[in-house]
Amino acid sequence: METKVMGVVGSGQMGSGIAQLAAVAGIEVWLVDTDSSALNMATKSISNSTQRFVSKAQLSHEAGKDAMNRLKCTQDLEELRDADVIVEAIVESEDAKKKLFLELDRIAKVSAILASNTSSISITRLASATSRPHQVIGMHFFNPPPVMKLVEIVRGADTSNDTFTKVKALAERFGKSVLCSQDFPGFIVNRILMPMINEAFFALYNGVAAKEDIDTGMKLGLNQKMGPLELADFIGLDVCLLIMKVLHSGLGDPKYSPCPLLVQYVDAGRLGRKRGIGVYSYGKEPEPVKS
Ligand code: NAI
């Protein structure tokens, strides 16, 4: 059965992008957030992003308008009762996600698939909060979802082949390439990326070089589009720190220990672009971090 109605929970940078992809693909979407201002911001950002696709002639004016009409925002999870697939994109916290999965399991119809956009948390453990572990799966999009070509699909211990096949078909309907990872901390991409970002923070912390030189070195030396510190600001330093903690506790190796400077920036509220300040400043004056 093709996905006709989709729920997306969490309307931040990832959830809003996932909702946009679904609406453009012809799916009715409920976008849910506990915070009404986040929903307002998401509607604006989806509208602006859709408009950019229209102005680049990658989407017709009519298709853009139809997509916006398919999108509904709510603070009420109960609206998800008819969804065929629900993608969770809330804060990267196992406790918060488990609590939500428990609720979604109660609300969603029996056949619904519950997917998580988690960057690192065990799908098997999230599935254990539900009565339908064979219908729980990781559907890990990249930032920003409307632009990035990859979806990393993560199979929990009990994810069924049917669930995997349906989610793969959905990602392909969004025009994405997919890969499959087994359920280990950080999966494939973040297991490799986050230690690199963490090491860039250590290089800065140890005074190896200025932040600009660390980023320039990795961009020009390795032909990467963004340096690791710039990329951390783009992802969100809070998200990077939470993923490092999952890698550290899940893999038990001290090499995954988060850099104290990354911890300090997060403590200081320097979360990256979304806060106007992280490693770099985006129109906000940097203040000395706490010591
Ligand atoms: P964000 O901080 O931009 O958005 C999270 C949203 O979830 C907020 O609007 C918040 O109000 C809402 N929320 C929190 N608890 C909620 C609940 N119980 N019910 C409904 N809404 C709730 O976070 P972001 O960056 O969008 O990340 C979300 C998820 O996506 C995380 O699991 C993260 O690890 C993952 N992810 C993040 C990427 C990134 O580059 N930022 C890339 C890929 C995955």
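How many nonpolar, polar and charged residues does the shell around the ligand have? It has 13 nonpolar, 12 polar and 3 charged residues. Here Ala, Val, Leu, Ile, Met, Phe, Trp, Tyr, Cys and Pro count as nonpolar, Asp, Glu, Lys and Arg as charged, and the others, Gly among them, as polar.

This is a predicted model: local features need pLDDT of at least 70, side-chain atom pairs count only at pLDDT 80 or more, and totals for chains, interfaces and linings use all residues. Residues are numbered from 1 along each chain as its sequence is written.

Start at the ligand. 28 residues surround it, each with its C-beta atom, placed from the backbone, within 6 Å. The closest are G10, G12, M14, A38 and N143. Helix 1 (13-24), helix 4 (94-107) and strand 6 (136-141) each give two or more residues to this shell. Helices (H or I, at least four residues) and strands (E, at least two) are DSSP runs, numbered from the N terminus. Helix 1 gives the largest share, 3 residues.

Domain 1 (5-182) and domain 2 (190-275) both give residues to the shell, so the ligand lies between them. These bounds come from an automatic or database domain assignment.

Now turn to helix 7 (residues 189-205) and helix 11 (residues 260-267). Their axes, lines fitted to C-alpha atoms over the stretch in contact, come within 8 Å and cross at roughly 95°. Angles run from 0 to 180 degrees between N-to-C directions. The two helices are therefore roughly perpendicular, a label for 65 to 115 degrees. N198, F201, L204 and Y205 of helix 7 meet P260, L261 and L262 of helix 11, with contact meaning C-beta atoms, placed from the backbone, within 7 Å.

Technical notes: Angles under 35 degrees count as roughly parallel, over 145 as roughly antiparallel, 65 to 115 as roughly perpendicular and the rest as oblique. Two residues are in contact if their C-beta atoms, placed from the backbone, lie within 7 Å.
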